[in-house]
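This report describes a protein chain for a reader who has not met it before. The sequence and the structure come next, followed by the account of what they hold.

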Amino acid sequence: MVDRQYRKLFAAGIINGIGDRFCQIALLALIYRLTGSGFSVGIMLGLRMIPFLVLSPAAGVLITRISRQVLMMTTDLFRGLAALVFLSIHSPEDIWIIYGVSTLLACGEALYAPARKSSIPLLVHPSELLKVNSLEQVMSGLVLVVGAAAGGIISALFGPQAAFILNAASFFAAAMIVRNIAFPPVMKEKISREDSYVKTHQTPSLLDSNRSRSRMLDCILSSVPLQVVIAFELLVPMLNGIDNVLISVYAVQEFRLGDAGIGLFYAALGAGLVASYAIGHLFSGSLLKGGLVCLLLEGILLMGLSGIYHAWAAVAIYFLISLAGGVGAICLDTLLMRETPLYLQGPLLGMLTAWSQGIIGLSMFGAGVAIEMMEPRMLGLAGGAGFIVISIVILMYYARTRSRKAA
């Protein structure tokens, strides 16, 4: 049975995630309607990633100094107020509001995401990590299914303003749920994974930042699986930006499905993440191999998607892509939490979030530029091939490093 406090964290993630997805779907459709440009979509998505470069490492430090509860509540309330500003958008001249407020929302997410993810090992027993990381994919899937599908319908029927109001309300509601979570404090002494989950701790003393960085580096150098996870976080986001830009372009331009099509494709991605819950446990004994195999499958499916011309076939492909991606995320997230001491997870997750989201931002900006110069399907084919190459490179690095250590 999953800990009651984690269930509250799960509920808060569902609520603010669905609301945020309402807003994102409405914004993607609105900006495409106002400008008719995939480049503008790329700019908006790229700008949303920039704050992660600066604020996610700061979040990793803040987690060691202030309450996770306070940090998550504050960012939810801030994002709720910021979302209401979208109500002032009425014409193409207001496009700067979309860019500016999207960036502010990303600032809140850059602080919220590492705090939330590093809370998971605090709230659950180590033996439950694989199950809980599977539930995290279910949460992401439900957010996409409900948020994307309903967001597309609400935006089409009632206009984007309704989605913006619901988004703000969801942030305020999530903040109230987080307020009722009992977070145990984290001891800063070195903690073994077997007894890292405890209900009571002594008030922590702060780690010296240089000492923390040194310990983190030692932890990474001593763990080949952790090195693979970090390589994954550095390389895969270089191509994720292509997918984020193409999903809107495919729905509107290639399949002529409009706002509802964007929601439909995102809902297919969400259904795949929910389905990954039933499969993730099959890789409990081989988390690393499972993650790499799923990455390879994603690449193959993305290449196949570029040659699909029937909308329902594309929906099925998106479902399978998300299923593979969800299982891969379950494997790699569980591996990271098992390989990293509890007191280092906040700073490490902050750095990884900054790297991955910053790279995705650059990738989305580059995809927005590329889509003005080449056919969307050709860009999708290149992105899928890139996933295959990355999976092979990481696998070769892992095999070579293991053989070297064995020798």
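## Salt bridges

A salt bridge is a side-chain nitrogen of Lys or Arg within 4 Å of a carboxyl oxygen of Asp or Glu. The structure, which is a predicted model, holds five salt bridges. One of them joins the side chains of Asp76 and Arg79, with 2.7 Å from N to O. Asp76 and Arg79 sit three residues apart in helix H3 (residues 68-83), so about one helical turn separates them. Helices here are DSSP runs of H or I with at least four residues, strands are runs of E with at least two, and both are numbered from the N terminus. Asp76 is buried, at a relative accessible area of 0%, and Arg79 is buried at 3%. Buried means under 20% relative accessible area, exposed means over 50%, and partly exposed lies in between, using a 1.4 Å probe and protein chains only.

Arg79 also meets the side chain of Glu109 in a salt bridge of 2.6 Å, N to O. This pair links distant parts of the chain, since Glu109 belongs to helix H4 (residues 95-123) and Arg79 to helix H3, 30 residues apart. Glu109 counts as partly exposed because its relative accessibility is 26%. Another salt bridge is formed by Arg116 and Glu136, whose closest N and O atoms are 2.5 Å apart. Arg116 lies in helix H4 and Glu136 in helix H5 (residues 129-158), so this pair ties together parts that are 20 residues apart in sequence. Arg116 is buried at 7% relative accessibility, and Glu136 is buried at 11%. Through shared salt-bridge partners, Asp76, Arg79 and Glu109 are joined into one network.

## Charges over rings

A charge sits over a ring if NZ of Lys or CZ of Arg is within 6 Å of the ring centre and within 35 degrees of the ring normal. Arg79 lies over the face of Tyr112, 4.7 Å from the ring centre. Arg377 lies over the face of Tyr309, at 3.9 Å from the ring centre.

## Aromatic pairs

Rings of Phe, Tyr and Trp (its six-membered ring) pair if their centres lie within 6.5 Å; planes under 30 degrees apart count as stacked, over 60 as edge-to-face and the rest as tilted. A search of the whole structure gives five aromatic pairs. In one of the pairs, Tyr250 and Phe255 meet edge-to-face, with 6.4 Å centre to centre and 75° between the planes. Tyr250 counts as buried because its relative accessibility is 2%, and Phe255 is buried with a relative accessible area of 10%.

Phe265 and Tyr318 form a tilted pair, 5.0 Å centre to centre with 40° between the planes. Phe265 lies in helix H10 (residues 258-276) and Tyr318 in helix H12 (residues 311-339), so the pair ties together parts that are 53 residues apart in sequence. Both rings belong to buried residues: Phe265 has a relative accessible area of 0%, and Tyr318 is at 6%. Ring pairs link Tyr250, Phe255, Phe265 and Tyr318 into a cluster.

## A nonpolar surface patch

Patches are made of residues with over 30% relative accessible area and no salt bridge, where like charges are joined within 9 Å and nonpolar side chains (Val, Leu, Ile, Met, Phe, Trp, Tyr) within 5 Å. Val293, Leu296, Leu297, Ile300, Ile392 and Met396 make a nonpolar surface patch of about 520 Å². At least two residues of this patch come from each of helix H11 (287-305) and helix H14 (376-406). H11 gives the largest share, four residues. Ile392 lies in helix H14 and counts as partly exposed because its relative accessibility is 42%.

## The chain as a whole

The secondary structure of the chain comes to 14 helices and zero strands. Of its 407 residues, 57% count as buried. The chain exposes about 16800 Å², and carbon and sulfur atoms supply 68% of that area. Accessible areas come from the Shrake-Rupley method with a 1.4 Å probe, and for residues only the protein chains shown count as cover.

Among contacts between residues at least 6 apart in sequence, 85% join residues at least 24 apart. Contact means heavy atoms within 4.5 Å.

## Basis of the values

Residues are numbered from 1 along each chain as its sequence is written, and side-chain values use heavy atoms, with hydrogens and water left out. In this predicted model, local features need pLDDT of at least 70 and side-chain atom pairs count only at pLDDT 80 or more, while totals for chains, interfaces and linings use all residues.
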